[in-house]
Amino acid sequence: MKRIIFSLSAFCLGCLAFSQHKDQNKIMNKTDTSSVINKNPKSLFDPTPFAFSHATSHEGEGQYVFISGQSGGEDLKHHLSGDFRTQVQWSLKNLETVLSEYGLGVNDVLKITILIVDHDQEKLKIWTEEMHKTWKNHTFPASTLIPVPKLALDDMQIEVDAVAFSKKKIH
């Protein structure tokens, strides 16, 4: 199962990296601070209330940033709260910390994958609420949530990885 998920993830990331063409998509939703293009086709349900977009891309030159799974571990000691919401908040804060190392923010994220231990509707509700707080403009990245029985550490309840895009600076 892990091999299938890894292979599928690698395939999807490869497709994302090689499918960027300047004339392929028109910009549907672009802000002054972000070069991420979000698409939510009118013939599909509106995913915005659920804190994701059907697709995201980037137009122009730059570099992709692949961010490893961020847990809900707090600070340098990586303390894991027993509270799911607290771990969600810290996983998103940790994601923002990594993004800031590249001068990026959440609006530069194209795709996130969320792994939730013993996923249920209450955890989905908490995740969605925290995404709405983090993505204040409600222009969400493409997203996949995968329920899992266990993560790397016994007390981990969530892990979030991301693919972001950084525009190259003109010299």
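This is a chat between a trainee and a mentor about the predicted model shown above.

Trainee: Hi! To get my bearings, how many helices and strands are there in the chain?

Mentor: Welcome! This is a predicted model, and its chain holds three helices and six strands. Starting at the N terminus, the elements follow the order α-β-β-β-α-β-α-β-β.

Trainee: And what share of the residues count as buried?

Mentor: Of the chain's 171 residues, 37% count as buried. The accessible surface comes to about 10600 Å², and carbon and sulfur atoms account for 56% of that.

Trainee: Let's look at the sheet. What order do its strands have?

Mentor: The order is β3-β6-β4-β5, in an open sheet of four strands with mixed pairing.

Trainee: Which strands stand at the edges?

Mentor: Those are β3, residues 62–71, and β5, residues 142–148. Each has a single partner strand, so one of its sides has no neighbour in the sheet. From one strand to the next, the twist averages 10°.

Trainee: What holds strands together in a sheet, in general?

Mentor: Backbone hydrogen bonds pair the strands of a sheet, in either a parallel or an antiparallel way.

Trainee: Okay, so how many bridges join β4 to β5 here?

Mentor: Seven, and the two strands run parallel. Strand β4 covers residues 109–117. To find one of the partners on screen, pick Val117: its bridge partner in β5 is Val148.

Trainee: Now the helices. Which strands does α2 lie across?

Mentor: Helix α2, residues 84–101, lies across β3, β4 and β6, and runs at about 150° to β3. Strand β6 is the stretch 158–167. As for helix α3, residues 121–134, it lies across β4, β5 and β6, at about 150° to β4.

Trainee: I clicked on Asn94. Where is that?

Mentor: Asn94 is found in helix α2.

Trainee: Is it buried or exposed?

Mentor: Asn94 has a relative accessible area of 15%, so it counts as buried, the cut-off being under 20%. Leaving aside residues up to four places away in sequence, Asn94 touches Gln70, Ser71, Gly72 and Gly73. You can also find Val160, 66 residues from Asn94 along the chain; their C-alpha atoms are separated by 9.3 Å.

Trainee: What about such contacts across the chain as a whole?

Mentor: Take the contacts between residues at least 6 apart in sequence: 73% of them join residues at least 24 apart.

Trainee: New topic: how many residues has the largest nonpolar core?

Mentor: It has 23 residues. Those with the most contacts inside it are Leu99, Ile112, Trp127, Met131, Trp135 and Ile158. Two or more residues come from each of β3, α2, β4, α3 and β6. Helix α2 gives the largest share, five residues.

Trainee: Trp135 caught my eye. What does it touch?

Mentor: Not counting residues up to four places away in sequence, Trp135 touches Leu92, Leu95, Val106, Asn107, Val109, Phe140 and Pro141. There is also a second, separate core of six residues, which includes Leu80, Val148, Leu151 and Met156. You've met Val148 already, as the bridge partner of Val117.

Trainee: Last topic, the charged side chains. How many salt bridges does the count come to?

Mentor: The count comes to five salt bridges. One of them is between the side chains of Arg85 and Glu130, at 2.7 Å from N to O. That pair links distant parts of the chain, with Arg85 in helix α2 and Glu130 in helix α3, 45 residues apart.

Trainee: Are those two buried or exposed?

Mentor: They differ: Arg85 is partly exposed at 23% relative accessibility, while Glu130 is buried at 5%.

Trainee: And which residue does Lys125 meet in a salt bridge?

Mentor: Lys125 meets Glu129, at 2.9 Å from N to O. The two are four residues apart in helix α3, so about one helical turn separates them. Lys125 is partly exposed at 43%, and Glu129 is partly exposed at 28%. Salt bridges with shared partners join Arg85, Lys125, Glu129, Glu130 and Lys133 into one network.

Trainee: What about Lys150?

Mentor: Its side chain meets that of Asp154 in a salt bridge, at 2.3 Å from N to O. Asp154 is exposed, with a relative accessible area of 63%.

Terms used: Residues numbered from 1 in each chain as written. Predicted model: local features only at pLDDT ≥ 70, side-chain atom pairs only at ≥ 80, totals over all residues. Heavy atoms only, no water. Pairing = 2+ DSSP bridges. Axes fitted to C-alpha atoms, helices over the stretch in contact; angles between N-to-C directions. Contact = heavy atoms within 4.5 Å. Salt bridge = Lys/Arg side-chain N within 4 Å of Asp/Glu carboxyl O. Buried < 20%, exposed > 50% of the residue type's maximum accessible area, 1.4 Å probe, protein only. Areas by Shrake-Rupley, 256 points an atom, 1.4 Å probe, with all protein chains shown as cover. Core = buried A, V, L, I, M, F, W, Y, C linked by side-chain atoms within 4.5 Å.
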